[in-house]
Amino acid sequence: MKTIKIGLLGMGNIGTGTYKTLEMNRKEVEATLGTKVEIVKILEKDVDRDRGIEVPMEKFTQDPDVIFNDPEIDIVIELLGGIEPASTFMLTAMKNGKHVVTANKAAVAANYHELMATAKENNIIFKFEASVGGGIPILGTLTGPLRANKFEEVMGILNGTTNYILHMMTKEGMDYDEALKDAQALGFAEADPTADVEGIDAANKLSILMALMFDHYVPPTEIPTTGITQITKEKIEEARSNKCKIKLIAHAKEEEDGSIFYEVRPMYISETHPLANINKEFNAVFVKGNAVDDLMFYGKGAGPLPTGSAVMGDVIEISKTILR
C-alpha cells in the first residue's frame, strides 16, 4: 500500500497547526484515503521551539533540496509566508514533479499566472484553499459546486485583525491604538500589523478571488486600497447614527460593460446587511451568482487549526488523484 509522503516548508504557527491537524485527525484522514499519510521532512531552522507537539528531530532539515530532490515525496506544503523565497520554492517543487499546497496569499497573489502556468506545464496539482478565508471553504466552492454560475459580485471581510479592531472600537468604545494593542495582546495582530491594518492582506485575497471568479487577474499592488488607520471614534459614532457599522471590505463587481470594478476600503455597512454582524476575528465572503443569487460564507478566517484544516483538505484532494 502506497504511503502519501509530504514535505513541509515552514513550521511556524500555520505549519504547526497543519501538523497538529493531521496528527489529531489521522484516523479520519487515512480512512478517507484508504492509505497512510506522513509528513516525512520539514524545512525549519528553529527546531527547538516548543510547539506543544512531539516532532522527531530527524524530520527537520535546513536544506530545501532535500525535499525537492526526494523522489518519494509526493506533495510539498509551503507555509513560509511572504513572497520570497516561498514563490521560488513552490516553482522549484513543481518543476521537480511535486504537487503543491499553500496558504500563502501574498505569494499566490503576486505570482498567480506563473504559479498556475508552471503547475500546468509540469502536470501537477496546485491548490491554495487556505490562502483566502482560512478555514472557510470558499475557493473550492467557487471552482466546484458554483462553477456553473456567472459571478456578478463579491464583498468580503477578509482580514480578522482589522475586523477585530473595528469590532472593539464599535462595541467597547476603544480608540484605534487601544484596540490594536488589545488585538496584539490576544495574538490577532502581529507586532508589525502593517499588512493587516493598511488593507494589503485583504487586497492579496481579493486578487485571488477575482482571478478565480471573473478570470480577471489584477496584481494586489494595483487594487485601490485604504486601510483602517484613520478610523476614529467620531467616524464610528457617525456610522452608528446612520444605522451603519464600519467594516474593511474587499469588493469586486462586474459592471454592465463587462469591466471589473474593485477596491479595498473601510465602508459604511447597513446594520441590516449580513456583513454588518460579522464580529471579532471572524471572516465572511458574500458572493452573488446569476443562478444561485446571494450566498454568504462565514467562519474563522485565520488561526493555526482552521487554516491547517483547509491545508489538509487540499492534501486529501490531491492524494485522491495520486491514488487513482
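This presentation walks through the strands, helix packing, salt bridges and one loop residue of the structure shown above. Please keep in mind throughout that the model is a predicted one.

Let me begin at the N-terminal end, with strand β1, which covers residues 4–9. This strand is mostly covered, and five of its six residues are buried. Strand β1 has two pairings that I would like to point out. With strand β2, residues 37–43, β1 runs parallel, and six bridges join the two. If you wish to locate this pairing on the screen, find Ile6, whose bridge partner in β2 is Ile39. With strand β4, residues 75–78, β1 also runs parallel, here through four bridges. In that pairing Leu8 stands opposite Ile77 of β4.

I turn next to two helices, α1 and α2. Helix α1 spans residues 13–24 and helix α2 spans residues 26–33. How are the two oriented with respect to each other? Their axes cross at roughly 75 degrees and come within 4 Å. Angles of 65 to 115 degrees count as roughly perpendicular, and α1 and α2 therefore fall into that class. On the α1 side, the contact is made by Leu22, Glu23 and Met24; on the α2 side, by Arg26, Glu28 and Val29. Sorted by class, this contact holds three nonpolar and three charged residues, with no polar ones.

Now to the second sheet I wish to discuss. It is an open sheet of five strands, with antiparallel pairing, and the strand order is β9-β8-β7-β10-β11. Which strands stand at the edges? They are β9, residues 260–270, and β11, residues 293–300. Each of these has a single partner strand, so one side of each is left without a neighbour in the sheet. From one strand to the next, the twist averages 20 degrees.

Within this sheet, consider the pairing of β8 with β9. Strand β8 covers residues 244–254, and eleven bridges join it to β9 in an antiparallel arrangement. Lys247 serves as a convenient marker, as it stands opposite Met267 in β9.

Two helices deserve mention alongside these strands. Helix α11, residues 200–213, packs on the sheet and touches β7, β8, β9 and β10. The direction of α11 makes about 125 degrees with that of β9. Helix α12, residues 233–241, lies across β8 and β9 and runs at about 80 degrees to β8.

Helix α12 also leads us to the charged side chains. As a general matter, side chains of opposite charge can pair when their charged atoms come close. In this model the count comes to 16 salt bridges. I shall take three of them in turn, and then a network.

The pair inside α12 is Arg240 with Glu237, whose closest N and O atoms are 3.0 Å apart. These two residues are three apart in the helix, which is about one turn. Arg240 counts as partly exposed, at 36% relative accessibility, and Glu237 is likewise partly exposed, at 43%.

The next pair is Arg51 with Glu44, where the N to O distance is 3.9 Å. Are these residues buried or exposed? The threshold for buried is under 20% relative accessible area. Arg51, at 7%, therefore counts as buried, and Glu44, at 15%, does so too.

Asp293 and Lys288 form the third pair, with closest N and O atoms 2.8 Å apart. Asp293 is partly exposed, with a relative accessible area of 41%. Lys288 is also classed as partly exposed, at 23%.

Some salt bridges share partners. In one network they join Glu23, Arg26, Glu30, Glu38 and Lys59. Two members of that network, Glu23 and Arg26, were named a moment ago in the contact between α1 and α2.

Finally, I would draw your attention to Gly135. Where is this residue placed? Gly135 lies in the loop between β6, residues 126–127, and α7, residues 138–143. At 33% relative accessibility, Gly135 counts as partly exposed. Leaving aside residues up to four places away in sequence, Gly135 touches Lys300, Pro306, Thr307 and Ala310. As for Ala195, which is 60 residues away along the chain, its C-alpha atom is separated from that of Gly135 by 20 Å.

That concludes the presentation.

Technical notes: Residues numbered from 1 in each chain as written. Predicted model: local features only at pLDDT ≥ 70, side-chain atom pairs only at ≥ 80, totals over all residues. Heavy atoms only, no water. Pairing = 2+ DSSP bridges. Axes fitted to C-alpha atoms, helices over the stretch in contact; angles between N-to-C directions. Contact = heavy atoms within 4.5 Å. Parallel < 35°, antiparallel > 145°, perpendicular 65-115°, else oblique. Nonpolar A, V, L, I, M, F, W, Y, C, P; charged D, E, K, R; others polar. Salt bridge = Lys/Arg side-chain N within 4 Å of Asp/Glu carboxyl O. Buried < 20%, exposed > 50% of the residue type's maximum accessible area, 1.4 Å probe, protein only.
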